[in-house]
Amino acid sequence: MKILVTGGAGFIGSNFIHFLIGPDNTFQGDFEILNLDKLTYAGNLENLADLSQSKNYHFVKGDICDGKLVESLLQSGVDAIINFAAESHVDRSLYEPDLFIQTNVVGVQVLLQAALRHRIKKFIQISTDEVYGSLPPDAPGFREDTQLSPNSPYSASKAAADLLVRSYFKTYGFPAIITRCSNNYGPFQFPEKLIPLFITNALEDKPLPVYGDGLNVRDWIHVEDHCRAILAVLEKGKEGEIYNIGGDGERTNLEITETILDVLGKPKSLMRYVTDRPGHDRRYAVDFSKIQRELGWSPAYPLKEGLAQTVQWYLRHDEWWRRIKSGAYRDFYQKHYQERLP
Ligand code: NAD
Ligand code: DAU
């Protein structure tokens with residue numbers, strides 16, 4: 001099976017490619033992977049450097065909004081598309097919403113249209129639980145039929161893409177599936193998201209900026225569990241369906257922060273309460289019983305173990321994150337942090 005993976009140089013995409021290829025180049029199946037990635041600030045070929053000699057893996061630098069390029073790639077006989085490509089950071093979407101609409105909405109439409117024309121047999125849109133909005137404290141987790149109520153330009157752009165995907169299935173019978181996963185953590189996550197930012201800031205003895213009261217809740221899932229779920233959807237998922245994916249790992253941001261500081265043996269005094277994120281969703285929790293029941297998938301990583309392993313990964317990959325943090329990202333982060341100081 002030849003798969004076009006878009007956004008494969010980012011966090012989840014690069015983990016998924018590694019997952020498919022396996023530790024000793026022993027593929028999980030008979031796959032050939034074509035990775036189309038624009039290499040934005042979040043795309044990093046270092047994440048895939050070990051695969052440069054693999055004969056079943058090819059990289060193409062380019063934009064999913066470039067219809068001609070996408071068409072030319074599909075002409076090479078692609079069987080399935082898995083779309084990871086996106087602007088993925090909620091905080092950035094508050095500053096540059098137009099970029100999010102371009103990639104997350106227009107880009108998805110370009111992919112859908114080209115895929116329809118080339119009769120692609122399976123299209124998986126990697127969406128997010130954020131499209132459902134925010135849950136009250138005791139409410140049950142998001143189900144696939146929970147109303148869409150996105151609260152940030154990021155989540156609104158992902159919800160818009162989901163509606164486009166749905167419309168291609170309803171109108172053209174296009175074989176699309178949507179997955180909606182909760183917050184991922186693990187190796188190769190760009191150090192702008194909560195867990196890698198706090199691990200690396202703590203290692204540098206820099207402040208850990210906790211938004212608001214720190215009591216917002218996220219459902220954390222190890223990226224490898226997410227990759228296993230995507231493979232299950234690729235192999236057994238039903239066209240036109242939505243599958244929620246969750247980690248059964250609800251924690252407040254304060255709990256996550258304290259665990260990271262404990263694992264690293266760093267003092268709580270590194271925590272700094274800063275101005276809250278505008279429109280900050282209070283709680284996410286995911287009911288993933290559908291994928292459990294229908295595709296036999298469940299999360300396997302206990303959060304405590306997964307977090308400790310992730311901390312070890314960042315300790316061992318010091319050069320990887322230090323290079324990112326000392327590059328262009330530093331200016332964005334410093335401006336953003338200064339603006340948040342009370
Ligand atoms: P990421 O920001 O780490 O990676 C995104 C990748 O997409 C980068 O390699 C980037 O270069 C590429 N890209 C961006 N714009 C592009 C374009 N126009 N054309 C081609 N490539 C482009 O993101 P991530 O955390 O790996 O998320 C991947 C997907 O999973 C996204 O669609 C995101 O919405 C979704 N998701 C993420 C999480 C999470 O916790 N990180 C949870 C649920 C769903
Ligand atoms: O739920 C899935 C989503 O999870 C994905 O769709 C997004 O792509 C991904 O970025 C993530 O979104 P969040 O906004 O939940 O993730 P983030 O890591 O940015 O923030 C997690 C929580 O931590 C959130 O409540 C905000 C808080 N936070 C975050 C940062 C970066 C802080 O308190 N301080 C910080 O510096």
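Visitor: What makes the approach of ligand 1 to the side chain of Asp 37 a polar contact?

Guide: In this predicted model, an oxygen atom of ligand 1 lies 2.6 Å from an N or O atom in the side chain of Asp 37. A polar contact requires a pair of N or O atoms within 3.5 Å, so this pair qualifies. Two backbone approaches can be judged in this way: a nitrogen atom of ligand 1 is 3.1 Å from a polar backbone atom of Lys 38, and an oxygen atom of ligand 1 is 3.1 Å from a polar backbone atom of Phe 84. As for how much of the ligand is covered, ligand 1 taken alone exposes 830 Å², of which the protein buries 97%.

Visitor: Which residues come nearest to ligand 1, and which helices and strands each supply at least two residues of the shell?

Guide: The surroundings of ligand 1 comprise 28 residues, and those that come nearest are Ile 12, Asp 37, Ser 88, Tyr 154 and Lys 158. Helix 1 (11-21), strand 5 (122-128), helix 5 (153-172) and strand 7 (183-185) each supply at least two residues of the shell, and the largest share, three residues, comes from strand 5. Sorted by class, the shell around ligand 1 holds 12 nonpolar, 12 polar and four charged residues.

Visitor: How do you know that ligand 2 makes polar contacts, and what are the distances?

Guide: An oxygen atom of ligand 2 lies 2.7 Å from a backbone N or O atom of Ser 88, and an oxygen atom of ligand 2 lies 2.7 Å from an N or O atom in the side chain of Thr 128. For Leu 194, the distance from a polar backbone atom to an oxygen atom of ligand 2 is 2.8 Å. Each of these values is within 3.5 Å, and therefore each pair counts as a polar contact. Taken alone, ligand 2 exposes 690 Å², and the protein buries 94% of that.

Visitor: What surrounds ligand 2, and how do the residues of the shell divide?

Guide: There are 24 residues around ligand 2, the closest being Asp 129, Glu 130, Tyr 154, Arg 277 and His 280. Helix 6 (194-203) and strand 8 (208-211) each supply at least two residues of this shell, whose members divide into 10 nonpolar, eight polar and six charged.

Visitor: Why are Phe 188 and Trp 320 called an aromatic pair, and which kind of pair are they?

Guide: Rings pair if their centres lie within 6.5 Å, and by this rule the count comes to 18 aromatic pairs. The ring centres of Phe 188 and Trp 320 are 6.0 Å apart and the planes stand at 75 degrees, which is over 60, so the pair is edge-to-face. It links distant parts of the chain, with Phe 188 in the loop between strand 7 and helix 6 and Trp 320 in helix 11 (residues 318-326), 132 residues apart.

Visitor: Are Phe 188 and Trp 320 buried or exposed, and how do you know that?

Guide: A residue is buried when its relative accessible area is under 20%. Phe 188 has 15%, so it counts as buried, and Trp 320, with 6%, is therefore buried as well. Trp 320 also pairs with Tyr 314: the ring centres are 6.2 Å apart and the planes are at 70 degrees, so that pair is edge-to-face. Tyr 314, like Trp 320, is buried.

Visitor: What makes Arg 92 a residue that lies over the face of Phe 332?

Guide: Arg 92 lies over that face at 4.0 Å from the ring centre, and the distance limit for such a charge is 6 Å, so the value falls within it. Similarly placed by description, the charged end of Arg 218 sits over the ring of Tyr 284, 3.9 Å from its centre.

Visitor: Why is Arg 180 given the class it has, buried or exposed, and what does its side chain contact?

Guide: Arg 180, which has its place in strand 6 (residues 176-181), shows 3% relative accessibility, and because that is under 20% it counts as buried. Its side chain is joined to the side chain of Tyr 132 by a polar contact of 2.9 Å.

Note on methods:
Residues are numbered from 1 along each chain as its sequence is written. Chains are lettered from A and ligands numbered from 1 in the order in which they are written. This is a predicted model: local features need pLDDT of at least 70, side-chain atom pairs count only at pLDDT 80 or more; totals for chains, interfaces and linings use all residues. Side-chain values use heavy atoms; hydrogens and water are left out. A residue is near a molecule or strand if one of its heavy atoms lies within 4 Å of it. A polar contact is a pair of N or O atoms within 3.5 Å; within protein, one must be able to donate a hydrogen and the other to accept it, and residues adjacent in sequence count only if both atoms are side-chain atoms. Accessible areas come from the Shrake-Rupley method with a 1.4 Å probe; for residues, only the protein chains shown count as cover. Helices (H or I, at least four residues) and strands (E, at least two) are DSSP runs, numbered from the N terminus. Ala, Val, Leu, Ile, Met, Phe, Trp, Tyr, Cys and Pro count as nonpolar, Asp, Glu, Lys and Arg as charged, and the others, Gly among them, as polar. Rings of Phe, Tyr and Trp (its six-membered ring) pair if their centres lie within 6.5 Å; planes under 30 degrees apart count as stacked, over 60 as edge-to-face and the rest as tilted. Buried means under 20% relative accessible area, exposed over 50%, partly exposed in between (1.4 Å probe, protein chains only). A charge sits over a ring if NZ of Lys or CZ of Arg is within 6 Å of the ring centre and within 35 degrees of the ring normal.
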